[in-house]
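The following exercises train the reading of a protein model. Please attempt each task before consulting its solution.

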Amino acid sequence: MIILRKTAFISIFLLSLVVKIQAQDVALVLSGGGAKGLSHVGVLKALEEYEIPIDYIVGNSMGAIVGGLYASGYSPDEIEALVKSEEFRYWVTGTIDERFFNYRLEDPNPSWITFPFSIKKPFVSGLPSSLISPYLMDYAVMELFSKASAASGYDFDSLFVPFRCVASDVDSSVLVVLRNGQLGSAIRASATFPLLIKPLRIDDRLLFDGGMFNNFPTDIARKEFDPDLIIGSVAAGNYDAPRDNDVISQLQNMLMRKADLTLPDEDGVLIRSLVGPAGILDFARVQMFIDSGYQAALRSIPLIKARINRKADTVLLKEHRNSFQQKLPALQFDSIIVRGVKPTQAHYIHRKLNYNNAISSISELKANYFNLLADDKISYIFPQMVYDTINQQFNLLLDVTLSEPFLAEIGGNISSSATNQAFVGLSYRKLSSIGSRYGVNAYFGRFYSSVQGVVRYDLPGAQPFFAQFRGQLSRKDYFKNSTYFFEDPTPAFIIENESGLSIEIGHSMGNNLKVALGMAGGRRGFDYYQSNNFSRNDTADISQFDFLKPKLGVYYNSLNKKYLANAGMRWFVELAYFTGKQTNRPGSNLNRALIFSENQAYYRFKVHYDNFFAHTGQFTFGFLGEAVLSDQPLQSNYTATVLASPVFEPVNEMKTLFLERYRAFNYVGGGLKFIYNPLRNLDLRAEAYVFQPYERIINQEINEKPVLGLRFPNASFLFSGRVVVNTPLGPLSAAVNFYDREDNKFLFVINFGYLLFNRSNFD
């Protein structure tokens, strides 16, 4: 009997050992590495191609993203298509925020940096928490992983492949293993590289990239899953020693603990991708990284097969993946829950999302969601979708952080010409059942100075409306930016003053389109000499127009930058009616009795179209066109008439010069733009335009009324070549422009910053 028992025990032990050998659980561990971590995609492709089983996945940072996608049921081919897409590059680098936010179709200003603050809190300055905008990444991880989270019951062991990722709790200086909850949030936390991406709070812990403590978590794979074999894929390396003059290298070494990137032979097989030197955000070489991972895995396949005596049958794996994918619920949500704000503010957010109009799918939500993020009274939103098993739909949870109520702005333009200017602005933002903003700004410079106050109210909803009130004083001194010689017949001394109040009400249709009705009133005046033959003791001619201006317009803007854009489109159609009293007073060198004063009324119809219509590799092509139709009357002298006429200014530096050859009551103008983008932040631009007036304004004798010339006279041309380096503060550009004028046809100018001004009522 004893012999039989011993025999049975030995048989059971041997059978279990055979089963264990046959099962041979395999864990795949994927390191971090930024863009280089995309080599893991090639590793996955090779492992599936050669039927290597993957029973568990553990990842950090980019390894968590790639591993999480695989664990969610995405095939290697689907993951490859995703990471090679432009959309993926956008959300891992945060490079298209301006397309989404687009300044809410408001007038851009030349600010370089902004300082949000509150008078209730002490002012704290320091480094930003996120150099890469996290908004696109937050939305993407919600969209990519919410369905798999719901299908697994928020248990990472129940995913297509059991999964773990790691993150760092800096407060307690420990590595955190994420094994349940929101899969997208866990992956987002694991990929939060310090200073680059805003940290994420999970279970009241502020979490950063797991690479701060363990960038290659093979020990976590052993503790969590106890696999028979580990396949480790390493795409990262430890940072070089910090350099004396390199702050980034110093921070990297301070923040990221040196990782053990080895794997003992008894534990498994190490795959090391030979990607070479590359930056964390070097996503321009995605295919190279994938190929390097694939080739590295192929080199290791014989060794892996020698350690594993079972295969992952391709047909069965596909059936298993299809079965898991069929369990994924549709991204339909039943309710929106707003957290972190007051009830009135939550009501505003609901209306801004247009939730009451039965938006219930993720595709319907996206545009309204980014429209909400564009609201300057909201600082940050972290979205999550939580599945309700009873209703079998998701609840959309929005954790909202409001902006500090005050916003200070500093900027301007530094130029080799006389258009240097400083800009300061201060705004107060308030959010309740409506949104409101009160702001004032000022420009200081030799050429341009201005003070403007703005009050704006936003009423959200299915048909969102806004109302904006604006008051402005501004002055342009063309003489201080002049390079004319006194023998030049074009007047050199010109000063433009404008003051006025305006109101604009309209309907916003998303971020990009609005319809607006407005009314403005005020005074526009010019001080000028009709020739350059004047002395210090002479007084200038004065031309004043006291006006009222109703207008109606439709405006669209999807340009990706507020200045020197290289993608997107902007167009508007505007009809305005000017009525008021025009007065011209001659200066001391003319007969002062010849005062001209009359009531004038005229309309102006303007169409503007600017579109970057084609992108091919590093090349971009754009078209800009503009047309003005008006019945504006002539004034008592040529200079006053030309100064008051509409002007074609497709190149920004033209706004600082009096160029009479590009002014007319009725005209069409247009041209082509060519941009070569050899590096991410470098643009080489070439532009060529033609200006065709319907009738030119013809000068008579000084102080005589001008006349209109022949129809369709000779056109004027304009050329511009420019090098633009986009820096974190603003663009640095060097341009050579050709203008149609008597002298100084070529103008070379260097600018750092933004050559932008407060909007005139006559633009």
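The exercises below treat the chain as a whole, one sheet, one helix, the nonpolar cores and three backbone angles.

This is a predicted model, in which local features need pLDDT of at least 70 and side-chain atom pairs count only at pLDDT 80 or more, while totals for chains, interfaces and linings use all residues. Residues are numbered from 1 along each chain as its sequence is written, and side-chain values use heavy atoms, with hydrogens and water left out.

**Exercise 1. Describe the protein chain as a whole.**

Step 1. The secondary structure comprises 15 helices and 30 strands. Helices (H or I, at least four residues) and strands (E, at least two) are DSSP runs, numbered from the N terminus.

Step 2. Of the 763 residues, 53% count as buried. Buried means under 20% relative accessible area, exposed over 50%, and partly exposed in between (1.4 Å probe, protein chains only).

Step 3. Contact means heavy atoms within 4.5 Å. Among contacts with a separation of 6 or more, 67% join residues 24 or more positions apart.

**Exercise 2. Determine the strand order of the sheet that contains β10, and explain which strands stand at its edges.**

Step 1. This open sheet has 3 strands in the order β10-β12-β11, with mixed pairing. Two strands pair if DSSP finds at least two bridges between them.

Step 2. β10 (333–339) and β11 (378–388) each have a single partner strand, so they stand at the edges and one side of each is left without a neighbour in the sheet.

Step 3. Neighbouring strands here are turned by 20 degrees against each other on average, direction ignored. Axes are lines fitted to C-alpha atoms, for helices over the stretch in contact, and angles run from 0 to 180 degrees between N-to-C directions.

Step 4. β10 pairs with β12 (residues 393–402) in the parallel sense over 6 bridges. Phe 333 has Phe 394 of β12 as its bridge partner.

Step 5. Helix α7 (residues 135–151) lies across β11 and β12, at about 10 degrees to β11.

**Exercise 3. Identify the buried side of helix α9 and its packing partners.**

Step 1. In α9 (residues 218–225), the buried residues are Thr 218, Ile 220, Ala 221 and Phe 225.

Step 2. These residues lie on the same side of α9, because they cover an arc of only 155 degrees around the axis. The arc is that of the directions from the helix axis to the C-beta atoms.

Step 3. The buried residues of α9 pack against β1 (26–30), β2, β4 (163–169), β5 (174–178) and β8 (229–234).

**Exercise 4. Which residues touch the most other members of the largest nonpolar core?**

Step 1. A nonpolar core is a set of buried Ala, Val, Leu, Ile, Met, Phe, Trp, Tyr and Cys residues joined through side-chain atoms within 4.5 Å.

Step 2. The largest core has 101 residues, and Trp 91 and Ile 349 touch the most other members. Its largest share, 11 residues, comes from α7.

Step 3. Not counting residues up to four places away in sequence, Ile 349 touches Val 338, Val 341, Leu 372, Ile 378, Leu 398 and Val 400.

Step 4. A second, separate core of 23 residues includes Tyr 478, Ile 494, Tyr 638 and Phe 665.

**Exercise 5. Locate Glu 51, Ser 61 and Asp 226, and state the phi of each.**

Step 1. Most residues other than glycine have a negative phi.

Step 2. Glu 51 has a positive phi near 55 degrees and lies in the loop between α2 (39–49) and β2 (56–59). Glu 51 counts as partly exposed, at 21% relative accessibility.

Step 3. Ser 61 also has a positive phi near 55 degrees and is found in the loop between β2 and α3 (62–71). Ser 61 is buried, with a relative accessible area of 9%.

Step 4. Asp 226, just after α9, takes a positive phi of about 50 degrees.
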